[in-house]
Amino acid sequence: MRRPGFDAGLLPAHAAFLDALRERGVLDASGGFADRSGGAYLLRGIADLDEARRIAESDPLAIHGASDIVVHEWHTR
């Protein structure tokens, strides 16, 4: 979720981060929320929740404190 004072100038770095995840084959889907409050991405083929957290914490939006990052494990059917 975007924090107050969100720096939209970080969006190109965030997009490059997502592109790199997609190239690695670990990004299944990504997108912004319609109300522009933030967005989400779905990772696949990673070892565990700790790896998911490490990936999310390396997002430029997290590194620069522009967004609050929350990681959930999701069991699908």
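Of the 77 residues in the protein chain of this predicted model, buried residues account for 26%. The surface that the protein chain exposes comes to about 5,400 Å², and 52% of that area is supplied by carbon and sulfur atoms.

As for the overall fold, the protein chain contains three helices and two strands, and these elements follow one another from the N terminus in the order α-β-β-α-α. Taken along the principal axes, the C-alpha atoms fill a box of roughly 35 × 25 × 20 Å. A compact globule with 77 residues would have a radius of gyration near 11 Å, and the 12 Å of the protein chain agrees with that expectation. When contacts between residues at least 6 apart in sequence are considered, 45% of them join residues that are at least 24 apart.

One link between separate elements can be followed in detail through the aromatic rings, for which the count comes to one aromatic pair. This pair is formed by Phe-17 and Tyr-41, whose ring centres are 6.0 Å apart and whose planes stand at 65 degrees, an arrangement that is edge-to-face because the angle is over 60 degrees. Since Phe-17 belongs to helix α1 (residues 11-24) and Tyr-41 to strand β2 (residues 39-43), the pair ties together parts that are 24 residues apart in sequence. Phe-17 is buried, with a relative accessible area of 11%, whereas Tyr-41, at 22%, is partly exposed, because buried means under 20%.

Turning to charge, the protein chain carries 9 positive and 12 negative side chains, and the centres of these two sets lie 3 Å apart.

Technical notes:
Residues are numbered from 1 along each chain as its sequence is written. This is a predicted model: local features need pLDDT of at least 70, side-chain atom pairs count only at pLDDT 80 or more; totals for chains, interfaces and linings use all residues. Side-chain values use heavy atoms; hydrogens and water are left out. Helices (H or I, at least four residues) and strands (E, at least two) are DSSP runs, numbered from the N terminus. The radius of gyration is taken over C-alpha atoms; the globule rule is 2.2 Å times the number of residues to the power 0.38. Buried means under 20% relative accessible area, exposed over 50%, partly exposed in between (1.4 Å probe, protein chains only). Contact means heavy atoms within 4.5 Å. Accessible areas come from the Shrake-Rupley method with a 1.4 Å probe; for residues, only the protein chains shown count as cover. Lys and Arg count as positive and Asp and Glu as negative; His and the chain ends are not counted. The place of a charge is taken as NZ of Lys, CZ of Arg, CG of Asp or CD of Glu. Rings of Phe, Tyr and Trp (its six-membered ring) pair if their centres lie within 6.5 Å; planes under 30 degrees apart count as stacked, over 60 as edge-to-face and the rest as tilted.
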